[in-house]
Amino acid sequence: MSLGQSMLTAAALVAITIIVMSTHRFVIQTKEDEIRSMAMRIGSDAAASLIQEALIKQFDVNAVTTYYQRASEFHSPSILGPSPSEASIVQLPDTLPYRSIANYNDFDDYTRYTRIAKTEAMDGFFLSCEVHYVQHSNLNLISTGQTYFKRIIVKVVNPYYMKGDTLTFSAIKSY
């Protein structure tokens, strides 16, 4: 084998190595993107489930259905959250089986609520909630007083699969 053929062979090996490494890097990146996408979907499902759980609860512990109440009769914004007895039963962060399902009775009990969710496919999802009264004229603005509207905001993170991203979802409940 001549020197020219050896150099061509070496150059071909270098080219093949570069191609294999690039392909390998592409495959790994594609797999990481697939896992991240699946984590986002599972996190979204966990948030949707939590929001649905909260939405089926009563608007306010003081809400009645026999007459139309004034908003001032609802809990003050400063005391939204679970009662002491509810808080003692639902230890945070809540884990399966979620005690909030059976022990929270109204929408604003989910104020400062946290949950760790996992599925057969992935675990490590941390969900946190806030509930606030919102203004009638702009449901995105927090109200300093009672209104007929409350908004829940659920944030989802997963440090293992979502690479620092936070998913945020919200819903409005009205009286």
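How many bridges join β1 to strand β2? Read on for the answer, after a quick tour of the chain.

## Getting your bearings

What you're looking at is a predicted model. The chain holds 3 helices and 4 strands. If you follow the sequence along, the pattern reads α-α-α-β-β-β-β, with the run of helix entries followed by the run of strand entries.

## The sheet

The 4 strands come together as an open sheet, in the order β1-β2-β3-β4, with antiparallel pairing. At the edges you'll find β1 (114-117) and β4 (166-174); each of them has a single partner strand, so one side of each has no neighbour in the sheet. Neighbouring strands here are turned by 20 degrees against each other on average, ignoring direction. As a bit of background, strands of a sheet pair through backbone hydrogen bonds, and they can do that either parallel or antiparallel.

## Where β1 meets β2

Back to the opening question: 4 bridges join β1 to β2, the strand made of residues 125-133, and the two run antiparallel. Want one spot to look for on screen? Find arginine 115, whose bridge partner in β2 is leucine 127.

## The chain as a whole

Now zoom out. The chain has 175 residues, and 32% of them count as buried. About 10600 Å² of the chain is exposed, with carbon and sulfur atoms supplying 61% of that area.

Then there are the contacts. Taking those in the chain with a separation of 6 or more, 54% are between residues 24 or more positions apart.

Note on methods. Residues are numbered from 1 along each chain as its sequence is written. This is a predicted model: local features need pLDDT of at least 70, side-chain atom pairs count only at pLDDT 80 or more; totals for chains, interfaces and linings use all residues. Side-chain values use heavy atoms; hydrogens and water are left out. Two strands pair if DSSP finds at least two bridges between them. Axes are lines fitted to C-alpha atoms, for helices over the stretch in contact, and angles run from 0 to 180 degrees between N-to-C directions. Buried means under 20% relative accessible area, exposed over 50%, partly exposed in between (1.4 Å probe, protein chains only). Contact means heavy atoms within 4.5 Å. Accessible areas come from the Shrake-Rupley method with a 1.4 Å probe; for residues, only the protein chains shown count as cover.
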